[in-house]
Each structure stands twice: as structure tokens, then as C-alpha cells.
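Me: Please explain how the descriptive terms applied to a protein model follow from their definitions.

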Amino acid sequence: MQLQVSTSPFNQEQAELLNNLLPGLTVHQKIWLSGYLTASLSVSHPEPSAEPVRDDQPSVQTVSKEITILYGSQTGNAQGLAENAARTLKDKDFQVTVSSMNDYKVNNLKKVENLLIVVSTHGEGDPPDNTISFHEFLHGRRASKLDDLRFSVLALGDSSYEFFCETGKQFDARLEELGGTRLFPRMDCDLDFDEPAAEWLEGVISSISEEQGNTIAPVIEPVAQTADITYSRTNPFKAEVLENINLNGRGSDKETRHVELSLEGSGLTFQPGDSLGVYPKNDSALVDMLLHELNWDPEEMVKVNKQGDLHSFRESLISCFEITVLTKSLLEQAALISGNDDLNALVATGNEAKLKEYREGRDLLDVIRDFGSWGVSAQEFVSILRKMPARLYSIANSLTAYPDEVHLTIGAVRYESHGRERNGVCSILCAERLQPGDSLPVYIQHNQNFKQPVDANTPIIMIGPGTGVAPFRSFIQEREETEASGKTWLFFGDQHFVTDFLYQTEWQKWLETGALTKMDVAFSRDTDEKVYVQNRMLEHSEELFRWLEEGAAIYICGDEKNMAHDVHHTLIEIIEKEGRMRQADAQAYLDDMQQNKRYQRDVY
């Protein structure tokens, strides 16, 4: 909306200046400016003494300062953002309730006036595990009309997936359908979510404040004058590599690295079930191949973030930007900048299937070779690249057993696609280029959705083939250190017994000491007919169901698309058979376990 001299208190020159400035401001900048002007006005013109309100004066509408924040989180990011939003709102005198969707009483929703949803998208557009029951209720027939509700959604996702932020989009649409009014437009966040999440929260605060008839200026926190440093996702700790060994035997088709890192001096702590975020670097050989196709000076300095930090073009491609994954957004922006007819045709409406097929198994080097570079400078080229995302790995040790250390179990990813050898960015860094004495930038990703029972007497069943066994190594180490008394049962699988039995001697030791009560293994390539962990579960279905009836908790870690999907259906089959139930009742049995945190998954 353009300011007009005739309808505003500004002269022509002022109106033109404001019309040029305002459209380019971000929400964050607008909110800051609004707060600044309000503050300066109150200093220059103090409020007059309060006077009685006359009957002919219009009453001010009372807007509730109670805010409910519900989160749905698989790895912990959404939960962390929700809890951070709650702290910020409480500091501004809002009354805040924050809860996992799994723990929230859905009947209370019709009483809520201000609702904030923070939710990630899991797998191929699916809601996270701790969101499923709430998601089903809200999208079902029992959901109430919410005409008095004001809401806003912060959606987390990964733009390299087809259904980017799908769960957040579904919540946003459904709340509107039920009669809710948006406090602030939905914000869709990619892997680098910190800045857009902060912008969303300030937009929400500004919207609520406007309804209350006042403006809350953003809090400008002073820089702490302290020697203490807090390491986090945005300020990772450089952890020294202590050990890096191959767990697989000679002749294996796999390479699985056991990496031990030092956390000494970091102050970082974790619990079994948490993950470690690792910021890797791209392979310099791949970067040099990319630079060979481009026309710019590798040593030209480019800005790599909004703060204006500078790196050489080559170093920025190695350390700062993702070059091995193609997102739809990247190709659309590249088409817009380049003007390449073929690339524009590929991203055009109606060619979604072709675009998806092209993105599969290709990287930035393929795009340059197929369509040429874009932009008039190295700076314009990198301006549309996605920041290098951290890789999350399940932590494979107990901090109690190994103070100041964190262990990882990483499978090296190598494959061929479109005539070229391809490598996993972080896994091959660890497999080929990481030596003891080197360092990795890391942070702890706390995950409250994958935790052992509070009661140490509760039996646990762990299902983790391949590198999915990593968190269960930390579980057993912790239980041994704390002398937990509950029974433990591990299902492990891989290709070959001789070469691929990860941590074999440790499991055998724990079986002898009793820290591990029972273990069943499945090695798929050692027999004519492939055998997987779900086959072993079926072989022991009677005993497994008996453990469930005794109150055992089940944990699954590993591949979501295949293994975890198959194990889930195997559990339903076992419950249906051994519990003599209908399939719907068996599903309800498992849903109830999930609701009560007795069925937890760390899947990817």
C-alpha cells in the first residue's frame, strides 16, 4: 500500500522516501522500527495523568494474553523452538502453556484464544510420531469449530523433499477451515531455520500487541560480559577426533566408522537417545570440478551470510554451502537468474514429475554441466545456494561411562548415479579424510522423544539393524553404570555375521554380565532366503508379546522408509495374533503404547 500525501501527515518528499523504504523491510525490521518510534515518542511526550473514562468514550477490546504453544517434533528442533518461544513470550508478560501435541488434552482446544503451532514434517510428508494423535483428532469429525481462535503456524522441513513442510501446511489449512483466524502468516522453514523462526515469533508478538492496542518493542539483549561460552547449533564446538576405526571386517561390502570425539572444555552434556549435529565440509575435489566449469576467480571474496562474513569463492563452496543436493527452490531461482530456456521449461508448472526425476541423484555440478552457470558474479551465484546443513547422528555412548566423550556410528555412503561416483558428504569425510587430532564442529541435539523409561525396572526391547544399533549401545552402557534392573532385549541385523556384526564383543560381554538380557540377530546375506529383524521378531512373537504385557517399552532406530515401516507392521501382526485381537484393536494397542511413550522411534 502506497502512502499518499492527501491521506497521510507527510509531505511529498517524505512520502516518496517512505514508499521506497518500507516495501524492502523485513518483518523483523518493521517491528524494531515500530518499537523504536514508540519508545522515542514516549520519552519525548510523557503520558498525561490518567483520567476517569467517560460513558461516551469507546471501550477498549480485551485481548487475552494467554498463549498455548503446541509442538510436534521428531528430532527435537521443533520442541526447542517452541520452548524458546515460550521463554520469550513469558519475558514479555504473556501467560504461556507449552506442550507436546501428544500430551495435550484435545478437548481444551476449544477454550484456547491464541494458539501457536510449531511442527516439523517427517519422512515423505508425514507428521512426527508425537503429533499423530492430535493430527488425527484435528482432521477428524470430532474436531470442534474454532471461531474464537487466533493462531499461527511455524513449519519446519527440508526443501530437498517433495512434501516440504507438509504437516505445517495441513495444520494451517485445517485451523482456518475450523474457523480460526491467523495471527500471523505461516512461516515455512528450511534446514537453516533460526532467522525465519525469529522473524515469525516477532511477527506473532507484534500482531497480538496491535490487537491489545499497544506495541511491544523487541528486547535488545546486551552482550554478556563473561568468559563462559555456550556451544550450540549456531555456535558449534570444535571437537577433537580421538579415534576413527572401521567396524567392518575385511571383505565386507560396507564401511562403518566408529568415531570418538572429545568434548573436554565444552560444557556440553547429553543423555542416551540424544543426537550429535555435525557440520561437515564438501570434498575439495568435487569443488574443484565445479570451479573448473565456472568462469569466476576461486579467490574472489564473497559474502556467506547476512552478517557479511567473507570467504573466498572456493572456500565458501567447501565450507559454507550445500552443493550435493538439489532442491526445487534452488532450480527455480537458478532458472529465473540464468534465463536458460531448457531450465525454465524444466521448472515450469506441469513438469513437476520431470523436475522430481531430474533432481534425484544429481548435484550442483550436473546442473552447471547441463544448463550452464547463472548470475553475473560469484556472489550472485552463491546467493541462492542453501547453507551447509548439519548432519544428525544418534549418539553411541553414555556420558556416564565415557565422561567428556561422544561416540558415533557412521555408515559410509557411496553409490553411482548418472554416470558418476557419488559420496555422502559427512560419511565420506569421516571415512576418508578425518584423522585423530583433527576436529569437527559439533553440537548436541537433545531429543526427549527417544528416552529410556524413568523407572529402571521397566523392560525394554530395542530394534536397531546396521548403524541403527548406535543409541542402544548408549542405552546399555548407561544401564550398566546405573545398575538398572529392568530386562533388556536387542534385535540386531546386518549383511554378514563374520564381517558386519557391529560391536560384537561388547554385546557378548553385556550378555555375560546381565546388562543385556537377550539378543537376537539376523544376517540377511548368510542364508539363501534373506532374514531380517522382523523375521526374528515373528519367531519370538509369543515371548515378545508377553514382554509387552509386562509393560515393556519398544525402541526402533534406523531407516524409516523400509525397516521401521516393516517393523511397525510386524508389531501389529504380533499383537493381533498373540493378543487374539482384530487388526484395528492391535493398532489401537500400539497407538496407546505410543501415547504413553512406550513405543518410541529414532528414524531417518
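The exchange below takes several terms in turn.

Reply: This is a predicted model, in which local features need pLDDT of at least 70 and side-chain atom pairs count only at pLDDT 80 or more, while totals for chains, interfaces and linings use all residues. Residues are numbered from 1 along each chain as its sequence is written, and side-chain values use heavy atoms, with hydrogens and water left out.

Me: What makes cysteine 165 count as buried or exposed?

Reply: Buried means under 20% relative accessible area, exposed over 50%, and partly exposed in between (1.4 Å probe, protein chains only). Cysteine 165 has a relative accessible area of 1%, so the residue is buried. Its place is in the loop between strand 4 (150-156) and helix 5 (166-177); helices (H or I, at least four residues) and strands (E, at least two) are DSSP runs, numbered from the N terminus.

Me: How do you know whether glutamate 483 is buried or exposed?

Reply: The relative accessible area of glutamate 483 is 69%, and therefore this residue is exposed. Glutamate 483 lies in the loop between helix 15 (470-482) and strand 18 (488-494).

Me: What is notable about phi of glutamate 483?

Reply: Most residues other than glycine have a negative phi. For glutamate 483, phi is near 55 degrees, a positive value in a residue other than glycine. Phi of cysteine 165 is likewise positive, near 55 degrees.

Me: Why is helix 14 called mostly covered?

Reply: Seven of the nine residues of helix 14 (residues 425-433) are buried. Among them are Val425, Ile428 and Leu429. For the chain of 604 residues, 48% count as buried.

Me: What makes strand 7 and strand 16 a pair?

Reply: Two strands pair if DSSP finds at least two bridges between them. Strand 7 (residues 237-246) and strand 16 (residues 439-445) have four bridges, in the antiparallel sense, and the criterion is therefore met. Glutamate 240 stands opposite serine 439 in strand 16. Both strands belong to an open sheet of six strands with the order 12-9-16-7-8-13.

Me: Why are strand 12 and strand 13 called edge strands?

Reply: Strand 12 (391-394) and strand 13 (405-411) each pair on one side only.

Me: Which residues make the contact of helix 20 with helix 21?

Reply: Contact means heavy atoms within 4.5 Å. Residues of helix 20 in the contact include Leu571 and Ile575, and those of helix 21 include Ala586 and Leu590.
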